[in-house]
Every structure is written in structure tokens, then in C-alpha cells.
Amino acid sequence: MRGADVRTESLFSYVSCEARVPADHPLRAIRAIVDEALEALSPEFDKLYSRHGRPSIPPEKLLRALLLQAFFTIRSERQLMEQMDYNLMFRWFAGLSMDAPIWDVTVFTKNRERLQEGDIAAKFLAALLSQPRVTALLSEDHFSVDGTLIEAWASIKGFKPKADRADSPDKGDDGGSGSVPPASGAAPEGKPAGGRNAERDFHGEKRSNRTHASTSDPDARLYKKGRGAAARLCHMGHFLMENRHGLIVDTELTLATGTAEREAALSMLRRRNARHRITVAADKAYDVAGFVADLRSIKVTPHVAQNTTNRRSAIDGRTTRHAGYALSQRIRKRIEEGFGWIKTCGGLSKTRHRGTERVGWSFTLTAAACNLIRLPKLIEIKG
């Protein structure tokens, strides 16, 4: 017998969001790990909020919602709130009941900024890695380091001359940035000069990080990956990866300069505060005598790829003769998988935020989300 196409509405519903999520759904294992880390962060949350006043969005729910944004490649917080309204799985993961009201997107953003001030993203990543079942997966001896470019939320049209060029030269070199050939800054003849998106002729104007800065994101730097590549306004993100399972154990976001990768690598390795000698693998960009010497001074063995193009490598046979060197060189390439995930799935191919602090916070939280995608399977295999 054919059923009738009749829409029926019940006065009451007794089905919870929990019942709607399949028992074997991957998010169930992820949420168990997340909840354990958030419980460890409860004292940190207490420091960020006053004991008086109107209750805010619970920081635990806010962080879970931001993780969903990375997991499902949601392009904006406004769209995230829209999906939270009708997606029962999202409600369940964030900790909302079926009939709970969804937060206003402006209120959500303001509460996120409070977590940025408390550096909660880095503490959340550390809380994940400190769980006993996760610590058992990590290597304490062998690591890899690398950097990637994160395109800034800024237009090249807003890359304009600094007000005081003499007093505000950019620190460091234009390393890799190159300069973008010239422009008079005047509108072409017959075109209107003003407007939000006015025409601009760059012909004849030489632009570099020393003389120009972005009006939208002053922390963005003009940078290109190599000769012949287009120069873009970017930030530079860095990962420190352990070599046993390829999990990200530390992150840093810096200005895009020619020395940023090596400086960030030293900073992250010093934070490890290792009590014994460790190894770190890296690509040819790190084959610099000063950097190799700095690594050895902090008890780190440099498994850096040799750069012998028209020069002499800072790494010699004392390091390359060991089997561990070849193994490190093979495993270090897995760090690109993390960069690929945060850009394609995590939405950081081009950042939605401005400023090193905000972009760095988002970069670290997305790295934690990248770890969470892999942890349930690794824990299951280990168990």
C-alpha cells in the first residue's frame, strides 16, 4: 500500500541529539579526547572570566564549535552559526540540546577574542598531547620542522608607502619577498580616482617591505616562494612534528621573512627543553652554518638536507653517514601532510583574520584539529 505524502508535526519530541548521532561515528571518539583536554583546561578558563555578571558562552562549547569549523571546512563563523541551528550532529558535538537557541555571531566572535587573549589554542594543543594515551604515541627523540605561507586577508591594492620611511624600515631582509615592480599610484586617465575599489596603476612604482605596508593587515609581508613565483601578502606558519606518528607538537606564526623559518625552529626547539640530545630533520632552506651551530649548542643533532648548489653544505659526513639521517630525511616529508590538511580542510589557504596574534591563534587551533582527525585511529591501533 502506498503511503500518503502528508506532513505531520508532533507536539512534543522525546528524541535527543545524542540519539541521532550513530554510535560508530568518528566524532564520538574525537569528542571523548576533546572533553578530556577541556576538563584539564578548566582552571585556565576560570582565570579569563569574572565571578560576577551575566554568563557568557561556555568556553568549552565555543572551542568545540570552532573545531567543527575546521573539521567541516566552514568558511565563516556566520555560516557556522547557521549550520549549528539545523545540524543536529553539530549541536551534539558542541554540547547544545535540540531546542537550545543558537548564539549571535557577533557575541560568538567577542567571546572567541577572550580565548585569544588567554592563549587558549596553544594550551589546548598541549592538553591534547599530555593525555597518557596520546603521550604514548609521541617520540621524545626525533622531530621535523618546516614552514609554510598563509595568505593574508589583505589586497595588494592596500600595500601602500609607509608614512615615515626613514623611521620605520622593516626588520630583517626582504628574503624571498622580492619587490613588485612599480606604479605611480594615480588612477589611469579617464578613470575615477576615488571609491572603495578604485583603479590603480602600479607601473613605475617599486614596492618592497622596507618602504611599503598593508593598510588592512600591517603584519602581512610581501613574499614569494621562489624565482618566477608571484609575490603575495603572507604570514608564515611553522610546525614542529614528532617523527614516530607525524603528530604536530608545537606551532608558531611569524612575519614572512627570509630568516623566519630558522628563527621559529630554534624557538620551538628551545621550548621542548629536552634533557637529552634529540634530532631534528629539515629541508635545504635550513642548511645554514649559523643555524646548524645554534642547534648543536642546544643539544640538537641537525638532520638537515644538504644544499650543495654552488656552495658548501654545513652538514658533513659526521652526520650523513648514520642510518638515522636517511630515515629522518624520509620521514620529515610527512610534515607537508599537516600543512596540506590545514589549508584544504582547515580553511587556512587564506586566513580569515588579520594580525599575527589572531592568525597565529587560528593556526594553532587548526593544527590541534589536524591532530584530532588522526588520534582516534592511532589510539585504536596502539591499543
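Q: How many bridges join strand E1 to E5, and do they run parallel or antiparallel?
A: In this predicted model, strand E1, which covers residues 142–151, is joined to E5 by 9 bridges, and the two strands run antiparallel. One of the pairings can be named, since the bridge partner of Ile 150 is His 235 in E5.

Q: Which strand is joined to E5 by 3 bridges?
A: That is strand E4, made of residues 221–223, and E4 and E5 run antiparallel. Within this pairing you can look for Arg 221, which stands opposite Cys 234 in E5.

Q: And what about E5 and E6, how many bridges there?
A: Strand E6, residues 248–255, is joined to E5 by 7 bridges in an antiparallel arrangement, and here His 238 has Glu 252 in E6 as its bridge partner. E5 and E6 form a hairpin with 5 residues between them, and Gly 246 in the turn has a positive phi of about 75°.

Q: With those neighbours, how many of E5's residues are buried?
A: Strand E5 runs over residues 232–242 and is mostly covered, with 10 of its 11 residues buried.

Q: You mentioned Cys 234, so is that one buried or exposed?
A: Cys 234 counts as buried because its relative accessible area is 3%, and the cut-off for buried is under 20%.

Q: How many disulfides are there in the whole structure?
A: A search of the whole structure finds 0 disulfides. Cys 345, for example, is in no disulfide, and the nearest cysteine sulfur, that of Cys 370, is 8.7 Å away, whereas a disulfide would need the two sulfur atoms within 2.5 Å. Cys 345 is partly exposed, with a relative accessible area of 26%.

Q: Switching topic, which residues touch the most other members in the largest nonpolar core?
A: That core has 87 residues, and those touching the most other members are Leu 67, Phe 71, Met 84, Phe 93, Phe 108, Phe 124 and Leu 372. Helix H15, residues 356–382, gives the most to this core, with 12 residues.

Q: What does Phe 108 touch?
A: Leaving aside residues up to four places away in sequence, Phe 108 touches Ile 57, Leu 62, Ala 65, Leu 66, Glu 77, Leu 80, Met 81 and Trp 103.

Q: How do helices H4 and H7 cross?
A: The axes of H4 (residues 59–71) and H7 (residues 105–117) come within 11 Å and cross at roughly 100°, so H4 and H7 are roughly perpendicular to each other.

Q: Which residues meet there?
A: Pro 59, Leu 62, Leu 63, Ala 65 and Leu 66 in H4 meet Phe 108, Asn 111, Arg 112 and Leu 115 in H7.

Conventions. Residues are numbered from 1 along each chain as its sequence is written. This is a predicted model: local features need pLDDT of at least 70, side-chain atom pairs count only at pLDDT 80 or more; totals for chains, interfaces and linings use all residues. Side-chain values use heavy atoms; hydrogens and water are left out. Buried means under 20% relative accessible area, exposed over 50%, partly exposed in between (1.4 Å probe, protein chains only). Helices (H or I, at least four residues) and strands (E, at least two) are DSSP runs, numbered from the N terminus. Two strands pair if DSSP finds at least two bridges between them. A nonpolar core is a set of buried Ala, Val, Leu, Ile, Met, Phe, Trp, Tyr and Cys residues joined through side-chain atoms within 4.5 Å. Contact means heavy atoms within 4.5 Å. Axes are lines fitted to C-alpha atoms, for helices over the stretch in contact, and angles run from 0 to 180 degrees between N-to-C directions. Angles under 35 degrees count as roughly parallel, over 145 as roughly antiparallel, 65 to 115 as roughly perpendicular and the rest as oblique.
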